[in-house]
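Reader: Please take me through the sheets of chain A in this model. I want the strand order, the edges and the helices that pack on them.

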Amino acid sequence: MKAKKPVLELRRVTKSYPGALALDAVNFTVWESEIVGLIGENGAGKSTLMKILIGLIQPDAGQYELRGNPVTLRDPANAARHGVGMVFQEGSLVPNLSIMENLFLSHEIGFRRFGFLSRRAMRETATSVLSLVKVTSDLDTPIADTTPAVRQMVEIARLMWLSRLYRQENPVLILDEPTTVLTEGERKTLFTILTEIKRQASIILISHRLQEIVGNSDRIVILKDGRNVTEFEAEHANIAEIENRMVGHTFAAERYRENEQIEPMNEIALEVRNLSKRGVFEPITFSLRKGEIVSLVGLVGSGKEAVCGCITGLEKPDSGTISLHRKKLALGSPSETVRAGIGHIPIDRRSEGLALGMTVADNVNLLVLDKLKAAGLINPPLEKKNALRMIEECRIKTPSFSAICANLSGGNQQKTVIAKWLSSKIQLLVLDHPTRGVDVGAKEEIYRLIRNLARDGISMIIMCDTLEEDIGLCNRMLVMKDGRLVSEMSCSLARKPNPSDIIALIV
Amino acid sequence: MAEIKEEEGPSITEKRITTHRKRERIPAIYFAITLLVVMVVLFTIGNRNFLSAYNVNTITSYSAILLVVGLGQMSTILIGGIDLSVGGLMSFVSVVLVIALKTIGAWAFPLCLSVGLMAGYINGTILTRIKIPSFIATLGTGGILTSLALLVSPLPVVVPASSYGLLDIVNGTLIGMPNLLLLTLVIFIFFYVILGFTTAGRNIYYTGSNIKMSWMSGIDIRRTRNFAFMLSGLGAAIAAMMQTCSQFGGDPTMGKVYILQSIAAVVVGGTALTGGTGGAVNTLIGALILGVMENGMNVVGVDAYFQQSILGIVIIVSVALTFDRSKTAMIK
Amino acid sequence: MPNDVPSKSRINEVGWLSKSAAKAGLWIRRSGIGGQLLSLVIVTGSFAIGTSGRYLSAANLQVILRLASIPAIIATGLHQVVVLGGIDLSVEGVVALCVVFVGFLARNRFNTNDVGLWIVPITVGFGGLAGIINGLLNTKLRIPSFIITLGMSWVLWGFAVFVSKGQTIPLLKNPLSGIVNGNLLGIPDLALIAFGLIIVIQIIQDRTRFGRYLYAIGGDEVLAAQAGVKVEKIKIAVFGIAGLFYGLSALFLAIQLESAQAITGNNLLFPAVTAVAVGGVALTGGIGGAKNAALGALIVTALNDGLILLNVNPYAQEAVNGFVLVTAVALTIDRRKLGFIK
């Protein structure tokens, strides 16, 4: 397999964002007819690398060569013409158009007969293109009515067809987490098809499931902290070693302010009993003590997000009860859960956590307006006082309490979200990836805040970007897999578990 | 570590969203105030009588009614919606008021207020329960209200002389100030306080700024949206009553011009159509700008219909300047 | 979302029964006129009974077709903007201005201008130009179409009244009068013209690249752009085409009324938007075609005609139309696409 020519080569590609170096002189080569597994931690630079590959962003430095020629790809449409395409996780097919219409969208010119599109010609081509990926669905089915598997296949077929249309030999397909939405059988089909496609194309495979990568790729490339760590032939790979390489260094004890970790109080704060949501997660029962930090871990689709969604009231469970300090909660209503004292730091603070166009004070005071009143009306001096107190307490770096939130940095925006919940009397806080997209300094601050919260007796459910962070922060860990709670382990200071033990449970 | 947690791959919409630039924007209200001052200065230079008591009175009376309907309109724009039914509602209230004055006397006023609140409630309910975007829902209800107005009275009706006494609530004076202006002042303060200093009013801003966040933070977004539309109904009803009283008669087509003018007053004042920014003071400035503009154009002799065109242009320009394009990737 | 999608077509697992069922369902959904045909039958049926048959007389059917023609032409233009996911509220302004220009250019007592049949391309062109301005403002300024077109409607309407000085210009007999008022085999010529236009647009929608892109943008603008569709160009073109249809309607209206005045444009928007919604063109975009718009116009006209025959107060009819509009939008809108409604 090695006697082949490289199709795609990135040389010393560097990309930095304000406050973070996403890629640091990364080299990446794809050879003809191979499947490359690309793995790395969150924040290792995989998504940045992918974005550069398909022209969504441009590198700051470095070279991008396709088939030996340097190229600059302006956008994904341009990349497709060069025979580089990506199957996006959320899909990029237009839902109301049919399979066939999506297949040829914006490239129908070849099917014109006397100015009109020839449905027959399109149908013939579509059938032959789709036979490659073994899709036998009716070509007129709107994409909205197809399964994720079919959509994925149609996208693959489209990319293959486009490369043929633009006469690009050996196209490069990037598959981002292709198996998360598939059933077991569909996964098998996918890899059978990929093996066939490999004869005329190269595939970059990105997946959480290490077995999948090891089992199906020819070569594995590992990124860590925006740098190349290593790469090797998949035949020689063993999962334990990959895990080691990915985590890289040994556990840094001080990173998560573990010295400030406290033993939770005895009093039970949250009790979840037989909570279930059909098709998403099976009945689950657990409890949190006062001041306890519990981490929920699991793959996408393990049901952990839905469990948190039910606790915060954003989703409605089918059965079960949630009680906070022995008071049963009304389910499926955020206003009820917020009133009961459950807070929520969402994963996407820009669209879910903040009123970006409003001031820091407005955001911080959102939940406590009723307490900032004098004579029945909101009192500006009290507002200011509370805002300043919270800015101080959470160390939000802002020019003033009346600065517009959109102008703060990511970390300070996140601290503003936390401040919002802190200023009201909450008992439980659900933190959904609290440090995502936040620079190192701000991460520190957020860890400090989390520790302070625990000391104040606030219980927390946390889902982190990295397993390391989970282990470092929590008192106890709940592991979910395929909608079930599979394990529960203590993460007390003395006995922090090893990441690779947990991976074994999750995957 | 790693691949255990979901990492989001590149999203297609990302490119658009990340282009959102951080920059300090000068609040639109400063532009609005500057515009107002410049216009007053220019018109005063051009016409010595511009600041005469008579002319100032003309401008303020015009602006007063516009301000009242504009304040209501603003509430719906602040949540990111719009109320195109204010015109139909004003027409309807106008004829209902005259007819009710004949039959039930002073009770006509509370009746009309409740008509306004009811119409707003229905708009809000269509929005939140049937889930139709406000611009089309209110286009529909506005059409219904207009035809109801014509059904009640196809032609303008005059207030019978026997009821003139009741009209003093608008037409009279108190300690030398016309009631019309005092009433407007009261309503302005009402809106200013409600929006700025009550939880319900603040919730309108939060909802307009980020409705998903508001929902997730426990704000009852359904009630908030309903409330905003009720405020709009209230404003339109009061404005219609003021107009009807000061003209001693109702007109089933009276409201039509106010659809455009109320939106213009709101957006010229700097309240963005995207919601969440702006306020009562903005609309006050906006209403004054339109008042001065209308008056100035009349004095200069701009054709009344051409003024409509100018108003349309003013709306488009103001929206273009204030619309927050970072909020959505798709502008439809 | 991926999980709750009905598994209609898993790879390699499609039975013929489910396949044909899916096909039948698909046809109804795709053509999307089943419900509309049914409501048309219900409307005509109930009025036929209510008027003891008078409603179904040849004369009345002819009236319905004649009355439906112009709303159908307007709706055929307007619905394309709706398919894009936008809306065009500028109908009244565009028509007003075009009618006023007809007054200037067609033969009448007040001036000596007479451009003859050139009136057709000129008026239609004016409409198209106005539409292109709408499209440019929408795409270049990035402002929602509803406010742009609302503003434009006022701009053009005010301008129309201004240039016509609010006067009515009676037109003299026009070479086109015969076409506009005539019948062919008992069918109004106007209805035939409308029918022809509807077919042309329907074919464009079904069988050309332009049509594909229209629906792709309506389905998901960002994804369409990603696939390489020139979104802005198509949008501007669609607004322009809509304008052409308004211009044509303006011409027909002026000739039909034998007078040119700006208020001819009044009260055209509401029936057109109602027709589009009733026809099943979802306000959220991507669904419905020219046949839907036309059928919608027919239903709305049939309804109003029936109400007239039943001597319902004309203002009450307007109110009925309002209810019909809101109901139709409520039934066709795709709420998943909108998220939180404002």
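Author: What follows starts with the chain as a whole and then takes its two sheets in turn.

This is a predicted model, in which local features need pLDDT of at least 70, side-chain atom pairs count only at pLDDT 80 or more, and totals for chains, interfaces and linings use all residues. Residues are numbered from 1 along each chain as its sequence is written, chains are lettered from A and ligands numbered from 1 in the order in which they are written, and side-chain values use heavy atoms, with hydrogens and water left out.

Chain A has 17 helices and 24 strands. Helices (H or I, at least four residues) and strands (E, at least two) are DSSP runs, numbered from the N terminus. The C-alpha atoms of chain A fill a box of roughly 75 × 50 × 45 Å along the principal axes. The radius of gyration of chain A is 25 Å, which agrees with the value near 23 Å for a compact globule of 507 residues. That radius is taken over C-alpha atoms, and the globule rule is 2.2 Å times the number of residues to the power 0.38. Of the 507 residues in chain A, 61% are buried, meaning under 20% relative accessible area with a 1.4 Å probe, protein chains only. Contacts are heavy atoms within 4.5 Å. Among contacts in chain A with a separation of 6 or more, 67% join residues 24 or more positions apart.

Now the sheet that holds β6. It is open, with 6 strands in the order β6-β9-β10-β3-β11-β12 (chain A) and mixed pairing. Two strands pair if DSSP finds at least two bridges between them. At the edges stand β6 (84-87) and β12 (227-233) of chain A; each has a single partner strand, so one side of each is left without a neighbour in the sheet. The twist averages 20° from one strand to the next. Axes are lines fitted to C-alpha atoms, for helices over the stretch in contact, and angles run from 0 to 180 degrees between N-to-C directions.

Take the β6 edge. β6(A) pairs with β9 (residues 172-176) of chain A in the parallel sense, over 4 bridges. There A:Val87 stands opposite A:Leu175 of β9(A). Helix α1 (residues 46-53) of chain A packs on this sheet. It touches β3 (35-40), β6, β9, β10 (202-206) and β11 (219-224) of chain A, and its direction makes about 140° with that of β3(A).

At the β12 edge, β11(A) and β12(A) pair in the antiparallel sense over 6 bridges. A:Val221 has A:Glu231 as its bridge partner in β12(A). The hairpin has 2 residues between the strands, and A:Asp225 takes a positive phi near 50°.

The other sheet is also open. Its 6 strands run in the order β18-β21-β22-β15-β23-β24 (chain A), with mixed pairing. β18 (342-345) and β24 (484-490) of chain A are its edges; each has a single partner strand, so one side of each lacks a neighbour in the sheet. Neighbouring strands are turned by 20° against each other on average, direction ignored.

β18(A) runs parallel to β21 (residues 428-432) of chain A, joined by 4 bridges. A:Gly343 faces A:Leu429 of β21(A) across the pair. Helix α15 (residues 440-455) of chain A packs on the sheet and touches β15 (293-297), β21 and β22 (459-463) of chain A, at about 150° to β22(A). Helix α17 (residues 499-506) of chain A lies across β15, β23 (476-481) and β24 of chain A, at about 30° to β23(A).

Definitions and conventions. Buried means under 20% relative accessible area, exposed over 50%, partly exposed in between (1.4 Å probe, protein chains only).
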